[in-house]
Amino acid sequence: MTDISNKIQAAIIMGSQSDWEIMKNAAMVLEEFNIPHEAKVISAHRRLPYLTQYVQEASNRGVKVFITGAGVAAALPGVVAAMTPLPVLGVPLPGKFLDGLDALLSIVQMPAGIPVGTLAVGTAGAKNAALLAVSIIGVSDPSLHKKIADWREAQVAKLSDTPKD
Ligand code: RP5
């Protein structure tokens with residue numbers, strides 16, 4: 001996926017290639033807002049040393065927010081949050097048996113002290129994680145802040161109060 005420059009502002013990490021179908025929705029939103037970003041598949045339980053190295057290096061490259069997605073036991077978001085004081089957003093992904101309730105509880109129930117900002121299960125969560133990342137980056141970027149405000153207004157402008165078939 002996109003690696004616009006070596007200096008990224010948002011990093012998407014997912015636990016498995018099988019997560020990409022949903023997590024690419026986060027990447028699409030970041031692209032819409034022209035946020036330099038990249039996406040990586042790095043499992044916390046399969047490749048912990050590489051995950052540690054990547055989070056450190058991404059922080060040194062100027063990343064401002066991590067978007068993490070994982071299914072089932074879903075340790076990845078909490079592990080990333082343990083490695084950095086930067087904001088970490090977590091997207092629970094549906095697995096084969098519990099439709100993502102397992103991942104939701106794994107990610108949302110972080111003990112006090114190491115937070116993960118947990119979004120909805122699945123595609124809505126992936127999109128909202130990226131929108132929240134844009135808002136976070138926009139706190140120190142007035143033009144981006146205005147862009148997301150305008151984007152929201154445009155969303156509302158599309159609404160109709162007349163039901164259609
Ligand atoms: C998690 O296990 C991943 O985030 C993925 O959602 C789930 C299944 O992974 P695979 O067995 O498809 O690689 O760690």
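In this predicted model, V72 counts as partly exposed, because its relative accessibility is 47%. The residue is found in the loop between strand 3 and helix 3. Its backbone also deserves a look: phi of V72 is near 50°, a positive value in a residue other than glycine. A74 lies in the loop between strand 3 and helix 3 as well, and phi of A74 is likewise near 50°, again positive in a residue that is not glycine. With a relative accessible area of 7%, however, A74 is buried. Buried here means under 20% relative accessible area, and partly exposed means between that value and 50%, so V72 at 47% falls in the partly exposed class.

Following the chain onward leads to helix 3, which spans residues 76-83 and has L76, P77, G78, V80 and A81 as buried residues. These buried residues pack against several elements, namely strand 1, helix 2 (48-60), strand 3, strand 4 and helix 4 (101-108). L76 is a good residue to pick out on the screen. It lies in helix 3 and counts as buried because its relative accessibility is 3%. Leaving aside neighbours within four places in sequence, L76 is in contact with I13, M14, G15, I42, A44, L51, T68, G69 and A70. One of these partners, I42, is 34 residues away from L76 along the chain, yet the C-alpha atoms of the two are separated by 8.6 Å.

Helix 3 also has a helical partner to explore. Helix 2 and helix 3 pack with their axes 10 Å apart and at an angle of about 50°, so the two helices are oblique to each other. Their crossing is right-handed. On the helix 2 side, L48, L51, T52 and V55 take part, and they meet L76, V79, V80 and M83 of helix 3. Sorted by class, this contact has 7 nonpolar residues, 1 polar residue and no charged residues.

A second helix pair can be described in the same way. The axes of helix 1 (residues 20-32) and helix 5 (residues 123-138) come within 7 Å and cross at roughly 30°, which makes helix 1 roughly parallel to helix 5. This crossing, too, is right-handed. Helix 1 contributes I22, M23, N25, A26, V29 and L30 to the contact, while helix 5 contributes T123, A126, K127, A130, L131, A133 and V134. By class, the contact between helix 1 and helix 5 has 10 nonpolar, 2 polar and 1 charged residues.

The final topic is the nonpolar interior. In soluble globular proteins, nonpolar side chains tend to be buried together. The largest nonpolar core of this model has 28 residues, and those with the most contacts inside it are I12, M23, L30, F33, I35 and I67. At least two residues of this core come from each of strand 1 (10-14), helix 1, strand 3 (65-71), strand 4 (88-93), helix 5 and helix 6 (142-157). M23 offers a handy view of these surroundings: not counting residues up to four places away in sequence, M23 touches I12, M14, I67, T68, G69, V91, L93 and A126. A second, separate core has 20 residues, among them A11, V63, F66 and A103.

Notes:
Residues numbered from 1 in each chain as written. Predicted model: local features only at pLDDT ≥ 70, side-chain atom pairs only at ≥ 80, totals over all residues. Heavy atoms only, no water. Axes fitted to C-alpha atoms, helices over the stretch in contact; angles between N-to-C directions. Helix = DSSP H or I, 4+ residues; strand = E, 2+ residues; numbered from the N terminus. Parallel < 35°, antiparallel > 145°, perpendicular 65-115°, else oblique. Left-handed = near helix turned anticlockwise from the far one by under 90°. Contact = heavy atoms within 4.5 Å. Nonpolar A, V, L, I, M, F, W, Y, C, P; charged D, E, K, R; others polar. Core = buried A, V, L, I, M, F, W, Y, C linked by side-chain atoms within 4.5 Å. Buried < 20%, exposed > 50% of the residue type's maximum accessible area, 1.4 Å probe, protein only.
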